[in-house]
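Let's take a walk through this one together. Have the viewer open, and we'll go from one spot to the next.

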Amino acid sequence: MARWCCGRLAAIKRPTCQVIVLYILVFCVILPPICYRLPFSVYYSPKHFLRGVSPSVYARRVNDERVATAEGFFASESTLLTRPHNNLLNSSKYSNGTRVNITIAFLTTRRTRPLSPTVEYSPRYLLQTVAAVQRENLPNTRIIICNMDPEPSSHTDAVYLSAFFPMVSRYGDGSVSVPTNKLEKEKQDHVFCLKKSLETDPRYVLLLQDDALAAPGSLKVLDYIIRTKVERSRRGWNFASNNDTKKIIKLFTPEYIQRDFYTNKPKRIVANLAELLGYGLLGGTLLRLLHIILLEKGKNRVLLNGIFVSGAVCCILAALAISRPHLLELRRISKYLYIMLDANDCCLPATLFPSAAARELATFLDGVTCRPGYPLDTAVDGFVKSRGYRQFAVEPNLFLHIGMYSTLHRGENTYLKHFVK
């Protein structure tokens with residue numbers, strides 16, 4: 001009897017010890033060196049990641065590297081970019097009769113910040129973001145630059161790019177006064193840029209703020225999203241045409257909003273739960289199979305047992321520790337893994353509008369006044385709710401927000417760590 005009890009106790013202790021070793025390996029050995037660079041992970045360590053450099057200095061260093069890359073791109077592509085059709089704003093078709101599919105409009109103004117009483121820093125976001133989009137080389141697209149600076153000729157990057165792409169300005173000739181209310185100016189600038197984009201008669205308008213940087217391959221993914229999720233919808237195993245134009249697609253969602261359950265949208269909460277459950281089931285199954293092969297030598301082939309449950313819980317906790325924004329990056333492996341969920345009510349750095357939606361939104365915004373407590377985001381949300389539209393977000397983000405300096409607020413962005421990329 002005593003021998004039997006000791007045998008049972010050893011049998012219980014063995015898997016318990018194995019589970020303890022698994023958790024120690026995952027949370028104390030494997031994840032810390034992988035995740036200390038990830039801002040939303042519980043293991044994030046600015047001290048070790050930045051190596052004593054302040055976030056501001058590091059972010060400017062990364063920004064300057066991107067500027068140098070963009071300058072090199074335009075220097076090497078200057079002959080190709082000066083093709084005649086690129087400077088035709090009012091033409092809705094190319095020379096071969098093809099209609100413009102997407103007009104990409106960059107809404108821009110100067111952004112400078114004093115580093116000292118005698119030194120000003122210019123982040124030159126526009127040069128970077130236009131270069132990133134042009135690098136994608138997506139057919140049937142047109143780029144225009146909406147120079148919304150009160151002194152358009154002083155925005156040197158916009159003036160430089162006007163040799164390659166059509167540029168429109170709202171101010172500078174004295175016909176329009178600059179609104180003193182920054183929120184109202186932002187709204188009027190967006191309306192102006194939307195209307196100018198619609199003059200090219202595109203199927204879609206992609207409105208980009210000048211600090212929205214296209215991720216590599218993003219426009220090809222966007223083309224796939226439009227063809228399979230916007231213009232068509234899945235019915236069973238097949239796709240059917242979908243003429244619903246009452247959709248607004250956000251191509252950037254702040255990473256801190258993408259975190260697990262950081263939302264009040266029921267469908268997003270369900271999707272987050274499904275993702276976590278998927279990580280648990282997949283991870284638990286793989287760990288259990290490894291346990292059968294390596295430790296049990298194939299003697300016990302029961303899949304669902306305590307080891308499976310412990311492995312599943314381990315994987316779910318690991319996913320929470322890494323954080324959802326970073327796990328979403330795994331979906332970049334293939335365009336087929338991108339998802340489209342209900343969007344949170346925030347932020348418009350990169351937004352895709354069907355032309356009918358862009359036209360209706362411009363008319364709606366003309367009739368409202370933005371002010372403190374009622375910014376542009378809120379006005380657009382009001383339009384969506386009152387006109388029967390739906391807002392969707394593509395995840396992972398197709399665009400990155402690199403704007404460390406805001407045009408609406410003084411100083412550096414509160415969430416500086418979001419821009420250290």
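A residue counts as buried when its relative accessible area is under 20%, and as exposed when that figure is over 50%. Keep in mind that this is a predicted model.

With that cut-off in hand, start at histidine 326, in helix H10 (residues 324–327). Its relative accessible area is 15%, so histidine 326 is buried. What does histidine 326 touch, once neighbours within four places in sequence are set aside? The answer is a run of Leu38, Pro39, Phe40 and Ser41. Leucine 38 sits 288 residues away along the chain, yet its C-alpha atom and that of histidine 326 are separated by 7.2 Å.

Now hop over to another histidine, number 190, which belongs to helix H6 (residues 182–198). Histidine 190 is buried too, because its relative accessibility comes out at 6%. Ignoring residues up to four places away in sequence, histidine 190 is in touch with Leu107, Leu207, Gln209 and Leu376.

Next up is the nonpolar interior. The largest nonpolar core has 48 residues, and the members touching the most others are Leu206 and Phe399. The top contributor to this core is helix H4 (residues 125–136), which supplies 7 residues. Zoom in on leucine 206 and, beyond its neighbours within four places in sequence, you'll find contacts that include Ile102, Ile104, Leu219, Leu222, Leu251 and Phe399. Thr103 and Thr351 are also among the contacts of leucine 206. There is a second, separate core as well, with 32 residues, among them Phe192, Leu198, Leu207 and Leu348. Leu207, you may recall, is one of the residues that histidine 190 touches.

Definitions and conventions:
Residues numbered from 1 in each chain as written. Predicted model: local features only at pLDDT ≥ 70, side-chain atom pairs only at ≥ 80, totals over all residues. Heavy atoms only, no water. Core = buried A, V, L, I, M, F, W, Y, C linked by side-chain atoms within 4.5 Å. Buried < 20%, exposed > 50% of the residue type's maximum accessible area, 1.4 Å probe, protein only. Helix = DSSP H or I, 4+ residues; strand = E, 2+ residues; numbered from the N terminus. Contact = heavy atoms within 4.5 Å.
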